[in-house]
Amino acid sequence: MSEAQTVRLSYEDGARAVELARESVESFVRHGQREQPGSMRDAFYNRTGAFVRLQSTRGRGRLRGCAGTYSESDQLGHAIVDAAITAASDDSCSTEVGPKELDSLQISVCIVSQTTLTNDPVEDLELGVHGVAVDGEGRHGWMYPRLPIENDWSAAEFLSRACRKAQLSPNAWREEDTMVTLFEGQVFRERKDGGAVEAIVDANE
């Protein structure tokens with residue numbers, strides 16, 4: 001098991017990350033434009049990954065988009081913008097988010113704080129804390145950290161679903177030539193009642 005960078009955001013930085021994601025989604029959906037991070041907070045210059053998740057507040061609250069990367073190839077501010085745009089596009093959930101949906105979207109952002117390359121995923125994986133990325137046979141798939149808590153998945157099922165998302169065998173995570181990376185992150189999200197952004201600090205919250 002090997003670990004990479006550690007990045008931690010303050011609540012104020014996390015709240016701004018969600019605001020930036022919201023601005024990016026709205027700019028893309030309304031005008032087809034890429035929002036620029038502008039004058040970024042110091043934390044947004046860190047090179048780390050980010051994920052943006054869009055969930056409808058209507059009905060059963062279906063997922064409308066989720067995109068991002070756990071890698072540290074770009075500055076955080078730009079990673080948030082790119083993830084938000086991709087999540088709102090038809091590249092994520094087949095249908096692009098429309099202007100009429102904007103007021104009924106709940107946006108959350110996961111800021112990658114640490115990555116772990118593991119040889120024993122079931123032992124090292126902490127449900128609700130870790131997201132999973134799987135690489136094998138030239139294919140890649142990842143899943144958001146809170147999915148197993150929301151869907152009552154075991155560690156093995158979470159790993160299998162990540163493999164299927166990568167178009168690999170459900171048991172590919174058990175194979176030596178498959179690379180499994182666990183990523184931890186801070187999750188900040190809009191409240192459904194329109195209140196202040198909330199920080200999710202407990203995996204079971």
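Leaving aside neighbours within four places in sequence, Val25 is in contact with Leu54, Ala84, Ala88, Leu102, Leu105 and Ile107. This is a good place to enter the structure, which is a predicted model.

Val25 also belongs to the largest nonpolar core, a group of 34 residues. Together with Leu9, Phe44, Val52, Leu54, Ile80 and Ile111, Val25 is among the residues that touch the most other members of this core. At least two core residues come from each of four elements: helix H1 (11-31), strand E2 (50-56), helix H2 (76-88) and strand E4 (105-118). Of the contributors, H2 gives the most, supplying nine residues. Apart from this core lies another, made of 28 residues, and Phe51, Ala155, Ala162 and Ala172 are among them.

Helix H1 deserves a brief look of its own. With 21 residues at 1.5 Å a residue, H1 should span 30 Å, and the C-alpha atoms at its ends are indeed 30 Å apart, so the expected and computed spans agree. Just after H1 comes Gly32, whose phi is positive, at about 70°.

The aromatic side chains come next, with a count of three aromatic pairs. In one of these, Phe51 meets Trp142 in a tilted arrangement, with 4.4 Å from centre to centre and 50° between the planes. This pair links distant parts of the chain, since Phe51 sits in strand E2 and Trp142 in strand E6 (residues 139-143), 91 residues apart. Phe51 and Trp142 are each buried.

Phe51 has a further partner in Phe183, and here the pair is stacked: the centres are 4.8 Å apart and the planes differ by 15°. Again distant parts of the chain are linked, with Phe51 in strand E2 and Phe183 in strand E7 (residues 179-189), 132 residues apart. Like Phe51, Phe183 is buried. Taken together, Phe51, Trp142 and Phe183 form one aromatic cluster.

A charged side chain also takes part in this picture: Lys165 lies over the face of Trp142, 4.1 Å from the ring centre. Trp142 thus pairs with Phe51 in a tilted manner and has Lys165 over its face.

Strand E2 is a helpful thread for a reader new to the model. This strand is one of the elements that supply at least two residues to the largest core, and the strand also holds Phe51, a member of the other core and of the aromatic cluster.

Conventions:
Residues numbered from 1 in each chain as written. Predicted model: local features only at pLDDT ≥ 70, side-chain atom pairs only at ≥ 80, totals over all residues. Heavy atoms only, no water. Core = buried A, V, L, I, M, F, W, Y, C linked by side-chain atoms within 4.5 Å. Buried < 20%, exposed > 50% of the residue type's maximum accessible area, 1.4 Å probe, protein only. Contact = heavy atoms within 4.5 Å. Expected span 1.5 Å × (residues − 1). Phe/Tyr/Trp six-rings, centres within 6.5 Å; stacked < 30°, edge-to-face > 60°. Lys NZ or Arg CZ within 6 Å of the ring centre and 35° of its normal.
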